[in-house]
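User: I am new to this structure and would like to go through its core, its sheet and its cysteines. Please keep the answers short.

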Amino acid sequence: MELGPHIRKRALLVHPKGIPMISVKGYATQATDKPLAPFNFERRDPGPHDIQIDILYAGVCHSDLHQARNDWSNSLYPMVPGHEIVGRVVKVGAHVKKLKEGDIAVVGCMVDSCRHCEPCLADLEQYCLEGSTLTYNGREREGGALTFGGYSEQIVVEERFVVKVPDSLDLKAVAPLLCAGITTYSPLRHWGVGKGDKVGIVGLGGLGHMGVKFAHALGAHVVMITTSPDKGKDALRLGADEVLVSRDADAMAKAAGSFTFLLNTIPVGHDMNPYMSLLKLDGTMVLVDALTALDPLIGFNVIGGRKSIAGSGIGGMAETQEMLDFCAEHNIVSDVEMIKMQDINAAYERLLKNDVRYRFVIDMASLKAA
């Protein structure tokens with residue numbers, strides 16, 4: 001396979017400990033109040049079980065913005081965000097069996113885990129009892145170096161945490177599947193959503209639009225639950241059967257006790273009580289995006305009807321491959337707006353205003369051409 005000049009001319013450096021390193025260009029923020037800007041750094045040369053990927057597209061997750069601006073008080077700088085990564089394999093280690101040079105591969109929110117705890121042994125690396133290693137804003141398990149994400153030319157990842165992309169999918173629209181996609185697919189599958197279920201997707205954004213697509217493909221009767229009536233038409237286009245405006249008290253009362261399952265994608269603290277009233281006996285509402293404090297819940301709204309509230313976070317690597325194969329079977333990808341790497345700061349400002357339908361994706365050719 002003929003590689004581009006930016007690969008052939010890649011400088012090979014040596015870490016002080018003797019580990020070969022690769023020089024890489026990316027975009028990083030240096031502090032909470034600093035914009036993202038060009039940043040040169042090093043990645044390890046692939047080891048026996050590693051895969052080196054030339055990044056083609058990088059999705060922009062709302063959590064990238066939160067982390068860059070330290071909204072969750074856990075940010076490490078300098079930070080190269082990006083955990084929705086699509087690229088071409090350019091080098092594999094001697095013991096890699098899963099992919100080969102030239103394959104299209106993806107990397108999501110994790111690049112490592114302990115691999116020996118009960119969740120890891122069950123292919124649930126996202127729930128690693130020692131904590132999974134994040135693709136960015138984390139530290140490598142060996143040596144403690146900062147992990148740098150997908151807003152960069154290349155990434156090197158151990159093969160367990162790399163997934164192959166089916167040939168039929170539109171690559172630029174695949175990137176958000178590695179976060180928004182798997183975050184919504186995993187709970188729908190875990191709770192067995194399918195034909196005969198009435199499913200509510202609460203909130204129509206990056207996560208919600210994928211929830212609608214997946215629930216529809218699984219055969220459920222899908223209701224988009226939103227505060228914004230003007231999103232109704234788009235929800236129907238995405239696969240919803242109905243739209244329920246949660247600010248309409250009469251409509252909410254009419255829908256009470258009729259839902260099997262609710263996928264709640266609201267990203268901030270909110271009052272869950274009105275949504276709990278929608279569930280029927282033994283119904284479940286799963287939270288996937290509210291990481292901060294929630295408003296008080298009235299106990300009767302759970303006890304009356306033997307209802308459940310649960311949470312779910314991304315998915316393990318086996319389930320991520322399953323999700324991509326499901327997407328290929330049902331022709332599902334994210335709705336995206338393409339941007340250049342140089343426009344990332346403007347994109348962040350638009351994210352603050354929810355001014356995207358429904359996910360920004362960076363064309364990394366713009367970085368390589370700079």
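User: Leaving aside neighbours within four places in sequence, with which residues is I344 in contact?

Analyst: This is a predicted model, in which local features need pLDDT of at least 70, side-chain atom pairs count only at pLDDT 80 or more, and totals for chains, interfaces and linings use all residues. Residues are numbered from 1 along each chain as its sequence is written, and side-chain values use heavy atoms, with hydrogens and water left out. Contact means heavy atoms within 4.5 Å. On that basis the partners of I344 are Y27, L36, V60, Y151, I339 and I362.

User: How many residues has the largest nonpolar core, and which strand gives the largest share of this core?

Analyst: A nonpolar core is a set of buried Ala, Val, Leu, Ile, Met, Phe, Trp, Tyr and Cys residues joined through side-chain atoms within 4.5 Å; buried means under 20% relative accessible area, exposed over 50%, partly exposed in between (1.4 Å probe, protein chains only). The residues with the most contacts inside the largest core include I344, V60 and Y151, and the core has 94 residues. Its largest share is six residues, from strand β4 (residues 50-60).

User: Which strands stand at the edges of the six-strand sheet, and why is one side of each left without a neighbour?

Analyst: Helices (H or I, at least four residues) and strands (E, at least two) are DSSP runs, numbered from the N terminus, and two strands pair if DSSP finds at least two bridges between them. The open sheet has parallel pairing in the order β13-β12-β11-β14-β15-β16. Each edge strand has a single partner, so one side is left without a neighbour in the sheet; the edge strands are β13 (242-245) and β16 (308-311).

User: What angle does the direction of helix α5 make with that of β14?

Analyst: Axes are lines fitted to C-alpha atoms, for helices over the stretch in contact, and angles run from 0 to 180 degrees between N-to-C directions. Helix α5 (residues 180-190) packs on the sheet, touching β11, β14 and β15, and its angle with β14 is about 155 degrees.

User: How many disulfides does the structure hold?

Analyst: A disulfide is a pair of cysteine sulfur atoms within 2.5 Å. For C109 the closest cysteine sulfur, in C179, is 4.0 Å away, too far for a bond; for C117 the closest, in C114, is 3.6 Å away, also too far. The number of disulfides in the structure is zero.

User: Is C117 buried or exposed?

Analyst: The relative accessible area of C117 is 7%, so C117 is buried.
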